[in-house]
Amino acid sequence: MTIHQIRNATIIIESEGNFILVDPLLGKSKTFIPLTLFRFKPRRNPLVDLPLESEKLLQRIDYCLITHLHPDHIDAVGIEFLRRRKIPVLCGKNHAHQLKKWGLNVLQAIDYWEAISFLKGKLTATPAVHGYGWVRKPMGHVYGFVWQSSDDESVYISADTIYTDDVKKVLATYTPDVSVLACGSAQFDFGRPLLMTMDDIVKFIRDAPGKVLANHMEAINHCPTTRLELKQRLEKEGLLHKTFIPADGERIEVVKPLHESKI
């Protein structure tokens with residue numbers, strides 16, 4: 001299994017000849033408004049363009065997983081890409097209606113903890129909570145996914161979430177080979193963080209049975225945590241060896257038993 005880091009939470013999972021796109025934020029840089037005006041510098045989003053390597057990969061997409069409908073996870077260009085190519089989409093149960101209204105080819109909608117057959121393996125939807133305190137309610141439904149492929153490799157896409165008992169249960173129950181974790185510590189101008197704090201990122205990585213791929217950084221203006229800051233904290237905690245912190249356009253090879261990144 002290979003995971004290609006595209007930008008923000010957008011990744012492409014390559015396995016057994018299939019290419020699975022996750023959360024397609026595909027527009028050019030500076031095409032939508034800042035998500036914070038006061039707490040962090042009010043820059044237009046996305047902050048960076050897609051890496052050059054992504055163009056060829058996007059031509060090979062077979063399926064798409066969508067964790068939720070926020071504009072930093074699926075934008076107008078991503079919607080048009082999926083619609084024009086009629087790419088089969090898998091999503092959470094609460095998102096299917098809106099995706100169909102956008103004209104997308106919804107193959108299957110999955111409820112929390114439901115498992116379906118997918119590409120000779122199994123895909124399970126898992127709960128995610130998008131923020132601490134009152135902010136979680138207006139952020140709406142978010143779904144993580146665990147994909148256990150037919151060749152006994154597994155990936156956990158935790159999605160935009162804080163560290164909950166359900167997230168900890170996923171790590172313990174499914175023992176994913178690699179967990180994709182949103183590490184940007186996003187915040188709006190008001191309210192508590194929308195993603196895991198640095199302390200909870202450390203707890204997640206410590207509890208993870210396999211490696212962790214850290215993303216959702218340096219692409220959206222309400223995400224202050226940088227790759228360098230994360231690396232320095234994980235070095236201090238003795239956890240850097242468990243973590244991939246890929247640049248946009250970088251790819252990670254996930255093998256059993258796990259080895260260091262082959263890039």
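The buried residues of helix α7 pack against three elements: α6 (198–207), β12 (211–215) and β13 (243–244). In this predicted model, α7 runs over residues 227–237, and its buried residues are Arg-227, Leu-230 and Leu-234. Those residues cover an arc of only 65° around the axis, which puts them on the same side of α7. Turn to the face that points away from the buried side and you'll find Leu-228 and Lys-236, both exposed. Just after the helix comes Gly-238, with a positive phi of about 70°.

Now for another helix, α2. Its residues are 76–85, and the buried ones are Gly-78, Ile-79, Phe-81 and Leu-82. Looking down the axis of α2, you'd see these buried residues fall within an arc of 160°, so they line one face of the helix. Ala-76 and Arg-84 sit on the other side of α2 and are exposed. As for packing partners, the buried residues of α2 pack against β3 (18–22), α1 (54–58), β4 (63–66) and β5 (88–92). Past the end of α2, Lys-86 has a positive phi of about 55°.

Phe-81 also turns up in the lining of the largest pocket, along with Leu-50, Pro-51, Leu-52, Ser-54, Glu-55, Leu-58 and Gln-59. Helix α1 supplies the largest share of that lining, with 3 residues. The volume of this pocket is about 170 Å³.

What about enclosed space? A search of the whole structure for cavities of 30 Å³ or more turns up 1. The largest cavity is lined by 15 residues, and the closest to its centre are Ala-9, Ile-157, Ala-159, Val-180 and Asn-215. Strand β11 gives the largest share of the cavity lining, 3 residues. Here are the two spaces next to each other:

| Space | Volume | Largest share of lining |
|---|---|---|
| Largest pocket | about 170 Å³ | α1, 3 residues |
| Largest cavity | about 90 Å³ | β11, 3 residues |

On to the nonpolar cores. The largest has 25 residues, and the members that touch the most other members are Ile-3, Ile-13, Leu-65, Leu-123, Trp-147 and Val-155. Several strands give two or more residues to this core: β2 (10–15), β3, β7 (115–118), β8 (121–128), β9 (142–148), β10 and β11 (178–182). Which of them gives the most? That's β9, with 3 residues.

Take Ile-3 from that core and look at what surrounds it. Leaving aside its neighbours within four places in sequence, Ile-3 is in contact with Ile-11, Ile-12, Val-155, Val-178, Val-180, Leu-213, Glu-250, Arg-251, Ile-252 and Val-254. Apart from the largest core lies another one, of 24 residues, with Val-167, Ile-201, Ile-205 and Leu-230 among them. Leu-230 is one of the buried residues of α7 mentioned earlier.

Val-167 shows up again around Thr-161. Beyond its neighbours within four places in sequence, Thr-161 is in contact with Ala-128, Val-129, Val-167, Leu-195 and Met-196. You'll find Thr-161 in the loop between β10 (154–157) and α5 (165–174). Is this loop residue buried or exposed? At 0% relative accessibility, Thr-161 counts as buried.

His-95 is also in a loop, the one between β5 and α3 (96–101). Its relative accessibility is 6%, so His-95 counts as buried. With neighbours within four places in sequence left out, His-95 is in contact with Thr-67, His-68, Leu-69, His-141, Val-142 and Tyr-143. To get a sense of scale, take His-95 and Val-255: they're 160 residues apart in sequence and 32 Å apart in space, C-alpha to C-alpha.

Finally, the cysteines. How many disulfides does the structure hold? The count is 0. Cys-64 is in no disulfide, and the nearest cysteine sulfur, that of Cys-91, is 9.5 Å away. Cys-91 is likewise in no disulfide, its nearest cysteine sulfur being that of Cys-64. A disulfide here would need the two sulfur atoms within 2.5 Å, so a pair 9.5 Å apart doesn't qualify. Cys-64 is buried, with a relative accessible area of 0%, and Cys-91 counts as buried too, at 0% relative accessibility.

Terms used
Residues numbered from 1 in each chain as written. Predicted model: local features only at pLDDT ≥ 70, side-chain atom pairs only at ≥ 80, totals over all residues. Heavy atoms only, no water. Buried < 20%, exposed > 50% of the residue type's maximum accessible area, 1.4 Å probe, protein only. Helix = DSSP H or I, 4+ residues; strand = E, 2+ residues; numbered from the N terminus. Arc of directions from axis to C-beta. Contact = heavy atoms within 4.5 Å. Core = buried A, V, L, I, M, F, W, Y, C linked by side-chain atoms within 4.5 Å. 1 Å grid on protein atoms, 1.4 Å probe; cavity = no way out; pocket = protein on both sides within 12 Å on 5 of 7 lines; lining within 4 Å. Points joined across faces, edges and corners; volume = space filled by probe spheres on them.
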